[in-house]
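Subject: Structure handover

Hello,

Here is the structure I said I would pass on. My notes on what was found in it follow below.

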Amino acid sequence: MGVSRVSQIEHGEAASLDVTARHVEALGGRLGLVPGFGDHTVRMPASG
């Protein structure tokens, strides 16, 4: 991944969830989603 692409991701430009998940994984993390349904939330992994 090139420097310009990393910059785009960091600035929220043209980043899909899959690309963002790979970027986070490359930094040693895991991406997750927390959708909210009124007073109830559900934690969901977005990356392996």
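Which residue takes a positive phi just after α2? Glycine 28 does, with a phi of about 90°. Please keep in mind throughout that this is a predicted model.

Confidence

The mean pLDDT of the protein is 83, and 92% of the residues score at least 70. Among the elements, strand β2 (residues 36–37) has the highest mean, 94. Helix α1 (residues 3–10) has the lowest, 78.

Overall layout

There are two helices and four strands in the protein. Along the sequence they come in the order α-α-β-β-β-β. The C-alpha trace spans about 40 × 20 × 10 Å along its principal axes. The protein has 48 residues, of which 12% count as buried. About 3700 Å² is exposed, and carbon and sulfur atoms supply 54% of that area. Of the contacts with a separation of 6 or more, 8% are between residues 24 or more positions apart.

Helix α2

Helix α2 covers residues 17–26, and its buried residues are Val19, Ala21 and His23. These buried residues pack against α1.

The helix also holds a salt bridge. A search of the whole structure finds one, and the partners are arginine 22 and aspartate 18, whose side chains meet at 2.8 Å, N to O. Side chains of opposite charge can pair when their charged atoms come close. Both partners lie in α2, four residues apart, which is about one turn of the helix. Arginine 22 is at 46% relative accessibility, so it counts as partly exposed. Aspartate 18 is likewise partly exposed, because its relative accessibility is 46%; the cut-offs for that class are 20% and 50%.

The strands and the nonpolar patch

Strand β1 covers residues 32–33 and includes glycine 32. Leucine 33 is in β1 as well. Glycine 32 has a relative accessibility of 44% and therefore counts as partly exposed. Leucine 33, at 33%, also counts as partly exposed.

Leaving aside residues up to four places away in sequence, glycine 32 touches Met44, Pro45 and Ala46. With the same residues left aside, leucine 33 touches Leu17, Val42, Arg43, Met44 and Ala46. Met44 is therefore on the list for glycine 32 and on the list for leucine 33, as contact means heavy atoms within 4.5 Å.

Methionine 44 itself sits in strand β4 (residues 44–45). Its relative accessible area is 38%, so it is partly exposed.

Which residues form a nonpolar patch on the surface? They are Leu17, Leu33, Phe37, Val42 and Met44, with about 420 Å² of accessible area together. Three of the names should be familiar from the contacts of leucine 33, which include Leu17, Val42 and Met44.

Two distances

From C-alpha to C-alpha, glycine 32 and arginine 22 are 12 Å apart in space and 10 residues apart in sequence. The C-alpha atoms of leucine 33 and serine 47 are separated by 9.5 Å, with their positions 14 residues apart along the chain.

Regards

Methods. Residues are numbered from 1 along each chain as its sequence is written. This is a predicted model: local features need pLDDT of at least 70, side-chain atom pairs count only at pLDDT 80 or more; totals for chains, interfaces and linings use all residues. Side-chain values use heavy atoms; hydrogens and water are left out. Buried means under 20% relative accessible area, exposed over 50%, partly exposed in between (1.4 Å probe, protein chains only). Patches are made of residues with over 30% relative accessible area and no salt bridge: like charges are joined within 9 Å, nonpolar side chains (Val, Leu, Ile, Met, Phe, Trp, Tyr) within 5 Å. Accessible areas come from the Shrake-Rupley method with a 1.4 Å probe; for residues, only the protein chains shown count as cover. A salt bridge is a side-chain nitrogen of Lys or Arg within 4 Å of a carboxyl oxygen of Asp or Glu. pLDDT is the predictor's confidence in each residue, from 0 to 100.
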